[in-house]
Amino acid sequence: MDIQPSQLLERCPLCHEKYGTGSIQLLGGEGKTQTFHCACSACGHAMLSVVFEGSGWLSSIGLVTDLQADEAQKLFKTPTITSDECIGIHTSIEQNSAKICQILLEQAQTPRRVTKRKTP
Ligand SMILES: [Zn+2]
């Protein structure tokens, strides 16, 4: 069964206006799952929508985003973070927490430069 995004993603969930022509873009998919970027011209918000196809049913999950369609396309193509990478960064932060705290404290204590704007 082909997923027709216009049937599932007909209206903006935020302002309930119909999506205009060309405002729904397929970012990609795998198996029976497809991801769309939906931009609402009425309210200016955008949404990422993941559409799942089951045996005789369709379901979707939406996530409001500030990404433009081209940014979402670029993000969609980047490799996913692996569980090993997550564990690695967690371990690294844990092992270096004292250094990280020291750097954050130093930055918090450093007076920020105040720049004066030039008057026209
Ligand atoms: Zn809207």
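The paragraphs below go through the sheet, the strands within it, the nonpolar core and the helices of this structure, which is a predicted model.

The sheet is a convenient place to begin. It is an open sheet of 4 strands, arranged in the order β1-β2-β3-β4 with antiparallel pairing. The edges are taken by β1 (24-30) and β4, and because each of these has a single partner strand, one side of each is left without a neighbour in the sheet. On average, and with direction ignored, neighbouring strands of this sheet are turned by 20° against each other.

Within the sheet, the pairing of strand β3 (residues 46-53) with β4 can be followed residue by residue. These two strands pair in the antiparallel sense over 8 bridges; Leu48 has Leu63 of β4 as its bridge partner, and Val50 stands opposite Ile61, likewise in β4. The hairpin of β3 and β4 has 4 residues between the strands, and in this hairpin Gly56 takes a positive phi near 85°. As for burial, strand β4 (residues 58-65) has 8 residues, of which the number buried is 0, so β4 lies largely in the open.

Strand β3 also holds Phe52, whose surroundings deserve a separate look. With 14 other C-beta atoms within 10 Å, Phe52 is partly exposed, because a residue counts as buried at 20 or more such atoms and as exposed at 12 or fewer. Leaving aside residues up to four places away in sequence, Phe52 touches Lys32, Thr33, Leu58 and Ser59. Gly29 is 23 residues from Phe52 along the chain, and the C-alpha atoms of the two are separated by 9.7 Å.

The nonpolar core comes next. In soluble globular proteins, nonpolar side chains tend to be buried together. Here the largest nonpolar core comprises 10 residues, namely Leu9, Cys12, Tyr19, Phe36, Cys38, Ala39, Cys40, Ala46, Met47 and Val51. At least two residues of this core are supplied by each of β2 (33-39) and β3. One of the core residues, Ala46, touches His37, Cys38, Ala39, Cys40, Thr65 and Leu67 when residues up to four places away in sequence are not counted.

Two helices complete the account. Helix α2 (residues 69-77) lies across β1, β2, β3 and β4, and runs at about 5° to β1. Helix α4 (residues 97-109) has 13 residues, which at 1.5 Å a residue should span 18 Å, and this agrees with the 18 Å between its end C-alpha atoms. The number of buried residues among the 13 of α4 is 0, so this helix lies largely in the open.

Terms used
Residues numbered from 1 in each chain as written. Predicted model: local features only at pLDDT ≥ 70, side-chain atom pairs only at ≥ 80, totals over all residues. Expected span 1.5 Å × (residues − 1). Pairing = 2+ DSSP bridges. Core = buried A, V, L, I, M, F, W, Y, C linked by C-beta atoms within 7 Å. Contact = placed C-beta atoms within 7 Å. Axes fitted to C-alpha atoms, helices over the stretch in contact; angles between N-to-C directions.
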